[in-house]
Amino acid sequence: MKKTILITGGAGFIGSHVVRRFVNHYPEYLIVNGDKLTYAGNLENLSDIESRSNYRFEKIDIVDKEAVAVLFSKYNFDGVIHLAAESHVDRSITGPDEFVFTNIIGTVNLLNSARSSWKESPEGKQFYHISTDEVYGSLGKEGLFTEETAYDPKSPYSASKASSDHLVRAYNHTFGIPVIISNCSNNYGPNQFPEKLIPLAINNIKNNKPIPVYGKGENIRDWLYVEDHASAIDLIFHKGKTGETYNIGGNNEWKNIDLILLLCSILDRKLKRPVGTSEKLITYVTDRPGHDLRYAIDSSKLQTELGWSPIPEFAVGLEKTVDWYLSNEKWLERVLSGDYGKYYDQMYSGR
Ligand code: NAD
Ligand code: TYD
């Protein structure tokens, strides 16, 4: 069936994998990537599919209500997959305002436009909001986040995402907008901006720079390969039940320090350094304020109801990720220098 789908944040880490998957798997859909191209948005991530006839890029700031309304009237979307967000906890601590603007106001602007665009015929439409397990707060040593876990966000980032989740549910309840939400654990893989733990550690090890470990390195995250998140999003968008929430996770908990030690040993091998060289770069630094101790997801609802399961073993996914960063030095250099912004000017300005 022909559909026109808006994917917001499609130039970012997860969004670019979702856009590629939809453009490749659904030639009958028109995929519109709506992205502001902040520091985290990089169109080079999509250079392999940018000339496909079922793909369009629209530079848009979702905080700009008029621009969002104009985009909706231009395309008459059948569905929205909303990933655009400010996504880094540390940045939300040094500058929370942008998180409120993009994650909360931006989401409301999209909901309002979807509401007026779909009011005559909401049947078959879907507003799919991509969220995080961080809305549930922090776990102690035991237990897992389920879809019933009460919200208890602890950082400005997770509070802004929790707020947007509540608004999405409220628009469903009050105005009848068809919505779905998923809450996913930490992603890793190619194209992740090197401010997040795994690409930052790979880059620093490669360049013999200190690897900053917050606090004692005992915080725990549940890591999922980004393409497994993209496959879950595809499944939930097409087969998920409207009004429902699905948790997505890797069943793959790692203490930060153990993960960093594993990365050090992989990189020692790949860079042909003597065993133990890279771990000398580990540097304990002041802890992140309010640092959540542990996240871990129970994804059994998604697995049993929709038949999803993650594919690569962590060791395989991590090797693939390290290989990608080692063989995409230019991408890393351009991202770190900010030069990737020029790609948009060269490819899209004047169009
Ligand atoms: P990212 O920071 O890599 O990308 C975010 C994208 O949104 C960028 O392309 C950026 O340009 C765009 N954007 C930011 N502000 C915008 C605005 N005002 N208007 C339009 N576009 C804007 O983020 P990511 O890691 O790919 O995360 C994508 C989504 O998935 C986010 O909603 C995040 O909360 C959620 N999520 C991320 C993870 C993770 O581990 N990275 C885990 C669970 C959920
Ligand atoms: P991050 O990748 O920022 O994701 P999140 O905070 O959303 O889980 O961080 C993952 C974990 O790694 C988190 O416990 C903080 C820690 N961390 C470090 O120890 N050092 C670093 O330089 C970074 C970026 C994160």
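**Close-up 1. Surroundings of L139 in the predicted model, in the loop between β5 and α5**. Once neighbours within four places in sequence are set aside, L139 is in contact with L144, F145, L293, R294, Y295 and A296. With a relative accessible area of 14%, L139 is buried, because the limit for that class is under 20% relative accessible area. R91 and L139 are separated by 48 residues in sequence, and their C-alpha atoms lie 22 Å apart in space.

**Close-up 2. Ligand 1 and the residues that surround it**. In this predicted model, 29 residues surround ligand 1, and the closest are I14, D35, S87, Y157 and K161. Three backbone approaches to this ligand can be traced in the view: an oxygen atom of ligand 1 is 3.1 Å from a polar backbone atom of F13, an oxygen atom of ligand 1 is 3.0 Å from a polar backbone atom of T38, and a nitrogen atom of ligand 1 lies 3.0 Å from a backbone N or O atom of I62. Ligand 1 has 840 Å² of accessible area on its own, and the protein covers 97% of it. The elements that give two or more residues to the shell around ligand 1 are α1 (13-25), β5 (126-132) and α5 (156-175), and β5 gives the most, with three residues. Sorted by class, the shell around ligand 1 has 14 nonpolar, 11 polar and four charged residues.

**Close-up 3. Ligand 2 and the residues that surround it**. Here 17 residues surround the ligand, and the closest are E134, P212, R221, R288 and H291. A polar backbone atom of P212 is 2.8 Å from a nitrogen atom of ligand 2, while an oxygen atom of ligand 2 lies 2.9 Å from a backbone N or O atom of Y214. A side chain also takes part in the polar surroundings, since a polar side-chain atom of R221 lies 2.7 Å from an oxygen atom of ligand 2. The protein buries 97% of the 510 Å² that ligand 2 exposes when taken alone. Two or more residues of the shell around ligand 2 come from each of the elements α6 (197-206) and β8 (211-214), and β8 gives the most, with three residues. By class, this shell has seven nonpolar, five polar and five charged residues.

**Close-up 4. Surroundings of H88, in the loop between β4 (79-82) and α3 (89-94)**. H88 counts as buried, at 8% relative accessibility. When its neighbours within four places in sequence are left aside, H88 is in contact with Y39, F99, E195, K196 and R288. One of these contacts, R288, is also among the closest residues around ligand 2.

**Close-up 5. I7 and the largest nonpolar core**. This core has 38 residues, of which I7, F22, Y55, I81, Y128 and I248 touch the most other members. Leaving aside neighbours within four places in sequence, I7 is in contact with V18, V19, F22, I31, V32, N33, G34, I81 and L83. Another core, of 28 residues, lies apart from the largest one, and its members include Y225, I257, L263 and F314.

**Close-up 6. Two asparagines with positive phi, N208 and N251**. Most residues other than glycine have a negative phi. N208 lies in the loop between α6 and β8, and its phi is positive, at about 55°, although the residue is not a glycine. N251 lies in the loop between β11 (245-248) and β12 (253-255), and its phi is likewise positive, near 50°. Are these residues buried or exposed? N208 is partly exposed, with a relative accessible area of 49%, whereas N251 counts as exposed at 70% relative accessibility, because exposed means over 50% and partly exposed covers the range between that limit and the buried class.

**Close-up 7. N112 in helix α4 (residues 97-118)**. N112 is partly exposed, with a relative accessible area of 32%. K65 and N112 are 47 residues apart in sequence, and the distance between them in space is 8.9 Å, C-alpha to C-alpha.

Terms used: Residues numbered from 1 in each chain as written. Chains lettered and ligands numbered in written order. Predicted model: local features only at pLDDT ≥ 70, side-chain atom pairs only at ≥ 80, totals over all residues. Heavy atoms only, no water. Near = heavy atom within 4 Å. Polar contact = N/O pair within 3.5 Å; in protein donor to acceptor, adjacent residues only side chain to side chain. Areas by Shrake-Rupley, 256 points an atom, 1.4 Å probe, with all protein chains shown as cover. Helix = DSSP H or I, 4+ residues; strand = E, 2+ residues; numbered from the N terminus. Nonpolar A, V, L, I, M, F, W, Y, C, P; charged D, E, K, R; others polar. Buried < 20%, exposed > 50% of the residue type's maximum accessible area, 1.4 Å probe, protein only. Core = buried A, V, L, I, M, F, W, Y, C linked by side-chain atoms within 4.5 Å. Contact = heavy atoms within 4.5 Å.
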